[in-house]
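Dear colleague,

I am handing over the structure we spoke about, and below it you will find notes on its salt bridges and its surface. Please read them with the model open beside you.

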Amino acid sequence: MTEFQHRGDAKKRFVREMFDDISDRYDFLNHVLSFGIDLYWRNRLIRSLPAPGNDPILDVATGTGDVGLVLKKHFPAARVIGLDYAYQMTFHCLGKIRQRGTSGFTVVQGDGEKLPFPDRRIAALTISFGFRNIGHYEAALAEFFRVLIPGGCLRILEFAEPESRIFGSLYGFYFHHILPRIGALFSRSDAYRYLPESVDRFPSRDTLRSMLGSTGFEDVSIQNLTFGTVTLISARRSGKEE
Ligand SMILES: C[S@@+](CC[C@H](N)C(=O)[O-])C[C@H]1O[C@@H](n2cnc3c(N)ncnc32)[C@H](O)[C@@H]1O
């Protein structure tokens with residue numbers, strides 16, 4: 001039995017409202033509950049990208065902007081755009097950009113399923129711990145494909161079911177029983193019940209691979225990080241750069 005919706009418009013509304021509510025504690029809980037490993041995961045994502053040319057990098061579901069800020073450090077000349085559906089998350093992101101004096105990182109409120117960008121404009125599109133939260137996966141993938149330049153890169157960083165049974169049961173205990181209790185002490189309690197349930201209900205590696213293939217993406221590869229608790233999915237929009 002599930003407590004939450006994991007597809008569709010009801011999920012979309014719930015997710016937006018939840019992230020608006022938890023935005024002020026989001027960074028703190030992220031680092032504490034992942035024992036700081038989240039910084040390593042985001043770095044792996046960024047280091048997997050080739051240097052972009054003149055076209056911008058788009059970070060969808062940018063949240064409080066941690067990926068965008070590291071992208072700017074790694075590619076100082078790049079133009080980075082962060083987009084998120086939850087206004088309060090973009091508000092915190094903007095605060096961090098201003099506080100650090102980062103230039104060339106613009107943040108917009110918008111929907112990853114309906115990107116406010118023309119076709120073939122984005123050199124690389126990243127989405128870190130955001131794809132699982134999208135209401136309509138196929139619609140978002142079609143949009144990612146549309147805005148990428150031919151040959152452009154897609155990177156999805158997301159939680160996954162660990163492939164090792166022994167590690168999986170220890171991790172499962174932490175993720176389903178300890179994490180929601182700690183989360184509830186500091187933040188909206190259903191947010192940290194939603195997290196493990198949404199990972200359980202997230203499409204498998206094989207399903208994701210075939211969804212990307214049917215959208216038109218090529219060179220799909222899936223890398224397990226930290227015993228497969230997280231996956232880094234790489235794909236390329238077919239065609240050569242024009
Ligand atoms: C777990 S946070 C990830 C934030 C950030 N990328 C990170 O690595 O910390 C998930 C984010 O996805 C955003 N989100 C969910 N659905 C979205 C959609 N349809 N379009 C854009 N952002 C969305 C939420 O508002 C939230 O900020």
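Glu 113 counts as buried because its relative accessibility is 12%, and buried here means under 20%. This is a predicted model, and in it the side chain of Glu 113 meets that of Lys 12 in a salt bridge, with 3.1 Å from N to O. Since Lys 12 lies in helix H1 and Glu 113 in the loop between E3 and E4, the pair ties together parts that are 101 residues apart in sequence. Lys 12 is itself buried, at 13% relative accessibility, and it also forms a salt bridge with Asp 111, where the closest N and O atoms are 2.6 Å apart. That second pair again links distant parts of the chain, 99 residues apart, with Asp 111 placed in the loop between strand E3 (105-109) and strand E4 (122-128). Asp 111 is buried as well, with a relative accessible area of 16%.

The structure holds 16 salt bridges, and another of them joins the side chains of Arg 146 and Asp 119 at 2.8 Å, N to O. Here Arg 146 belongs to helix H5 (residues 137-147), while Asp 119 sits in the loop between E3 and E4, 27 residues apart. Arg 146 is partly exposed at 22%, and Asp 119 is partly exposed at 45%. Through shared partners, salt bridges also join Glu 17, Asp 21, Arg 188 and Asp 190 into one network.

On the surface, Phe 28, Val 32, Leu 185 and Phe 186 make a nonpolar patch of about 390 Å², to which helix H1 (8-33) and helix H6 (165-186) each supply at least two residues. Val 32, found in helix H1, is partly exposed, with a relative accessible area of 39%.

With best wishes

Definitions and conventions:
Residues numbered from 1 in each chain as written. Predicted model: local features only at pLDDT ≥ 70, side-chain atom pairs only at ≥ 80, totals over all residues. Heavy atoms only, no water. Patch = residues over 30% accessible without salt bridge, like charges linked within 9 Å, V, L, I, M, F, W, Y side chains within 5 Å. Areas by Shrake-Rupley, 256 points an atom, 1.4 Å probe, with all protein chains shown as cover. Salt bridge = Lys/Arg side-chain N within 4 Å of Asp/Glu carboxyl O. Helix = DSSP H or I, 4+ residues; strand = E, 2+ residues; numbered from the N terminus. Buried < 20%, exposed > 50% of the residue type's maximum accessible area, 1.4 Å probe, protein only.
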